[in-house]
Amino acid sequence: MPIPKAEFIWFNGQFVPWDEAKVHVLAHVLHYGSSVFEGIRAYSTPKGPAILGLRLHVDRLYFSAKVMRMEIPYTKDEFCEAIKETIRRNKHKECYIRPLVFRGYEVLGVNPLNCPVESVIATWEWGAYLGPEAIEKGVDVAVSSWRRMAPDAAMALAKIGGQYTNSQMVVMEARDRGLAEGIVLDVYGYVSEGSGENIFVILDGVIYTPPLSASILGGITRRFAMTLAQDLGYTVKEQNIPREMLYAADEVFFTGTAAEITPIKTVDNIPIGSGSRGPITKRLQDEFFAITRGEKDPHGWLTYVNT
Ligand code: PPE
């Protein structure tokens, strides 16, 4: 399905009509993947749209830009304000938000430093990432034949456009196999993450997730899920996860801004636990979606767009 158009895109500080937000074909980013980006969601609440984890996402965007030595010519506060204003201008009740900072048109050649840094904020309405039934029913996945990038070959903790060629290979392979997603191992063979999600494994009531050193993106939803699990009294351990621990697990789920909290019902055709959404996953979803509905916000994760 094509992206459902909104009215405006924020482009280098100006609101431009959706169809006019264009770049030159010789922009550096098109050739060398020199972009950093975010995926954020705003949810519909009784007090209007509320952005989940706004500041954390903007912090990660600036961190990614720092890694790529891009100077974003706005303060973080200005960037947050621009995101809120984009949602107001586009009159969304809820939406996905895609900030993007990239190297534009000036010179070509791998060295990016002489190309301008350009900034975009786009918003659109985006439903469940892994299919409409995924949140309740769960998804079927397999371990990918692809590995995540070695820690000295790429910068997994930074959300950099070019690095998503790895994710594209993973998701194309999964779809070829008729599956929703792939689980990617790191170069040492430990479980890392999905093509666009972090992963959690529950075994004997303990919740495990790979550490930041396992070539993962340090997911914000991952952080939220860990905090909610601790609030409910569960022990959460960041540790290396060998592949067969997925098969031993009582429950496995993905987290991500787009995927939210999505249960995994089979891995490599092997049912996880009962083969349907498990009770701890359900409890975490209930807590998470109570926050996104605006019913509670014990940790101050919501930013209301209209205040
Ligand atoms: N790992 C990867 C590789 C990743 O891309 C994401 C987000 C995550 C983990 C989860 O991070 P967080 O959103 O902070 O909890 N993937 C974004 C892009 C998806 C896309 O198709 O584009 C997202 O979920 O918005």
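So, the lining of the largest pocket: by class, 18 of its residues are nonpolar, 15 are polar and nine are charged. Keep in mind as I go that this is a predicted model. The pocket holds about 900 Å³ of space. Its lining runs to 42 residues, and the ones closest to the centre are Y96, R98, W126, Y129 and Y164.

Where does that lining come from? If you have the structure open, look for α2, β6, α5, β10, α6 and β14, since each of these supplies at least two residues of it. And which element gives the largest share? That's α5, with five residues. The helix α5 covers 164-176, and Y164 is one of the residues closest to the pocket centre.

Okay, on to the ligand. The largest pocket is where the ligand sits. Four elements give two or more residues to the shell around it: α2, which is 54-67, β6, which is 95-103, α6, which is 220-231, and β14, which is 251-256. Those four also turn up among the elements lining the pocket. In total, 21 residues surround the ligand, and the closest are Y96, Y129, Y164, T221 and T257. Sort that shell by class and you get six nonpolar, ten polar and five charged residues.

Now the individual contacts, for those of you who like to zoom in. Start with Y96, where a polar side-chain atom lies 2.4 Å from an oxygen atom of the ligand. Next is T221: an N or O atom of its side chain is 2.6 Å from a ligand oxygen. Then R60, whose side chain has an N or O atom 2.8 Å from an oxygen of the ligand. How much of the ligand does the protein bury? On its own the ligand exposes 550 Å², and 93% of that is buried by the protein.

Let's move to the second largest pocket. This one has about 390 Å³ of space. There are 16 residues in the lining, with V23, V29, L30, L100 and F102 closest to the centre. The elements giving two or more residues here are β1 (8-11), α1 (28-32), β3 (35-37) and β6. The top contributor is β6, with three residues. So we've met β6 before: it's on the list for the largest pocket too. By class, the second pocket's lining has ten nonpolar, four polar and two charged residues.

Last topic, cavities. How many of 30 Å³ or more does a search of the whole structure find? Two. The largest has a volume of about 60 Å³. Around it you'll find R41, Y43, L52, H57, I220, T221, F224, G256, T257 and F288. Two of those names should ring a bell, as T221 and T257 are also among the residues closest to the ligand. The elements that each give at least two residues to this cavity are β4, at 40-43, and α6. The largest share is from α6, at three residues. As for class, five residues of the lining are nonpolar, four are polar and one is charged.

The second largest cavity comes in at about 40 Å³. Its lining is D250, E251, V252, P263, I264, I272, S276, R277, G278 and T281. Both β14 and β15, the latter being 260-267, supply at least two residues each. By class that's four nonpolar, three polar and three charged.

To pull one thread together before we stop, take α6: it gives two or more residues to the shell around the ligand, at least two to the lining of the largest pocket, and the largest share of the lining of the largest cavity. And β14 gives two or more to the ligand shell and at least two to the lining of the second largest cavity.

Notes. Residues numbered from 1 in each chain as written. Predicted model: local features only at pLDDT ≥ 70, side-chain atom pairs only at ≥ 80, totals over all residues. Heavy atoms only, no water. Near = heavy atom within 4 Å. Polar contact = N/O pair within 3.5 Å; in protein donor to acceptor, adjacent residues only side chain to side chain. Areas by Shrake-Rupley, 256 points an atom, 1.4 Å probe, with all protein chains shown as cover. 1 Å grid on protein atoms, 1.4 Å probe; cavity = no way out; pocket = protein on both sides within 12 Å on 5 of 7 lines; lining within 4 Å. Sits in = over half its atoms within 2 Å of the grid points. Nonpolar A, V, L, I, M, F, W, Y, C, P; charged D, E, K, R; others polar. Points joined across faces, edges and corners; volume = space filled by probe spheres on them.
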